[in-house]
Amino acid sequence: MYLLPALLVLVCASSLTACQTPAGGTAPTALQTFDAIYTGALQGETLALQATTAALTSKLITAPQAQKVEAALDATKAILDAAHGAALAGSTGVATANLSQAVGSIALVSACLTAKPLTPTTFDACLSKMTYPMVVPT
Amino acid sequence: MNPAMIIAIIQSLSAAIPELVGLFDRAKSGLPVSEADVQAILQGYNLAHAQLDAAIAAAKTSG
């Protein structure tokens, strides 16, 4: 369930124009389409933050692990914002590259949080596969 | 993991799913999101971030 939003973002992020299929009226600009994908990715990040909070309060993960996830999600947010800036500047390729990186990171954190069984040990093993996403420069 | 923990996590995830699906539906159909939508999502993000900060602080305090 949790990976579905991330996969949807990837499908749309693969091309900012691929999701423009208006049923009628004025076609949205690439920036408008990007805004829809950006907010979707941001909502995915919000879900990951909420799941991390729930896992921490249920003692399924430790405070240092939660801090590591938070740091990764903060880095991801910075990349999303960089993608937004690139989209505003008209750099569609850079915006798409950053968006894809951010979504990949969200998907990995999501996968770790929904792994079964979820314990501090299994979560650590899953997080060890994660590398911090890097901003693709404009 | 006991059932209550599983339910707590699922509830936290599922609460925002309809809104998220709606956003992607808009992206797929070509309908733009409004500035108000963006601001609402950002507020939700900031709230979730603050809640995680509070949970981390509480977990550290309780040892």
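The questions and answers below go through a predicted model with chains A and B.

Student: What secondary structure does chain A have, and in what pattern along the sequence?

Tutor: Chain A holds 5 helices and 0 strands. Read along its sequence, the pattern is α-α-α-α-α.

Student: What percentage of the residues of chain A are buried?

Tutor: A residue counts as buried when its relative accessible area is under 20%. Chain A has 138 residues, and the buried share is 52%.

Student: How much area does chain A expose, and what percentage of it do carbon and sulfur atoms supply?

Tutor: The exposed area of chain A is about 5,500 Å². Carbon and sulfur atoms supply part of that area, namely 65%.

Student: What percentage of the contacts in chain A with a separation of 6 or more come from residues 24 or more positions apart?

Tutor: Here a contact means heavy atoms within 4.5 Å. Taking the contacts in chain A with a separation of 6 or more, the share from residues 24 or more positions apart is 73%.

Student: Which cysteines form the disulfide, and how far apart are their sulfur atoms?

Tutor: The structure holds 1 disulfide over all chains. It links distant parts of the chain, from helix α4 (residues 92–113) of chain A to helix α5 (residues 120–127) of chain A, with the two cysteines 14 residues apart. Both A:C112 and A:C126 are buried. The pair is A:C112 and A:C126, with sulfur atoms 2.1 Å apart.

Student: Is the disulfide of A:C112 and A:C126 left-handed or right-handed?

Tutor: The sign of the torsion about the S-S bond settles this. For A:C112 and A:C126 that torsion is about -85 degrees, so the disulfide is left-handed.

Student: Which side chains meet in a salt bridge, and at what N to O distance?

Tutor: The count over all chains is 1 salt bridge. Side chains of opposite charge can pair when their charged atoms come close. The residues here are 4 apart in helix α3 (residues 63–88) of chain A, which separates A:D81 and A:K77 by about one helical turn. The side chains that meet are those of A:D81 and A:K77, at 2.9 Å.

Student: Is A:K77 buried or exposed?

Tutor: Its partner A:D81 has 32% relative accessibility and counts as partly exposed. A:K77 has 15% relative accessibility, and the cut-off for a buried residue is under 20%. A:K77 therefore counts as buried.

Student: What makes up the secondary structure of chain B, and what percentage of its residues are buried?

Tutor: Chain B comes to 3 helices and 0 strands, in the pattern α-α-α. It exposes about 3,500 Å², of which carbon and sulfur atoms supply 64%. Of its 63 residues, the buried share is 32%.

Student: What distance does α3(B) reach from its first C-alpha to its last?

Tutor: α3(B) has 28 residues, and at 1.5 Å a residue the expected span is 40 Å. Its buried residues include B:V38, B:Y45, B:H49 and B:I56. The reach from first C-alpha to last is close to the expected value, at 41 Å.

Student: Which residue shares a side-chain polar contact of 2.6 Å with B:H49?

Tutor: B:H49 lies in helix α3 (residues 35–62) of chain B, and at 16% relative accessibility it counts as buried. Not counting residues up to four places away in sequence, B:H49 touches A:L49, A:E70 and A:D74. The side chain joined to that of B:H49 by the polar contact of 2.6 Å belongs to A:D74.

Conventions: Residues are numbered from 1 along each chain as its sequence is written. Chains are lettered from A and ligands numbered from 1 in the order in which they are written. This is a predicted model: local features need pLDDT of at least 70, side-chain atom pairs count only at pLDDT 80 or more; totals for chains, interfaces and linings use all residues. Side-chain values use heavy atoms; hydrogens and water are left out. Buried means under 20% relative accessible area, exposed over 50%, partly exposed in between (1.4 Å probe, protein chains only). Accessible areas come from the Shrake-Rupley method with a 1.4 Å probe; for residues, only the protein chains shown count as cover. A salt bridge is a side-chain nitrogen of Lys or Arg within 4 Å of a carboxyl oxygen of Asp or Glu. A polar contact is a pair of N or O atoms within 3.5 Å; within protein, one must be able to donate a hydrogen and the other to accept it, and residues adjacent in sequence count only if both atoms are side-chain atoms. The expected span of a helix is 1.5 Å times one less than its number of residues. A disulfide is a pair of cysteine sulfur atoms within 2.5 Å.
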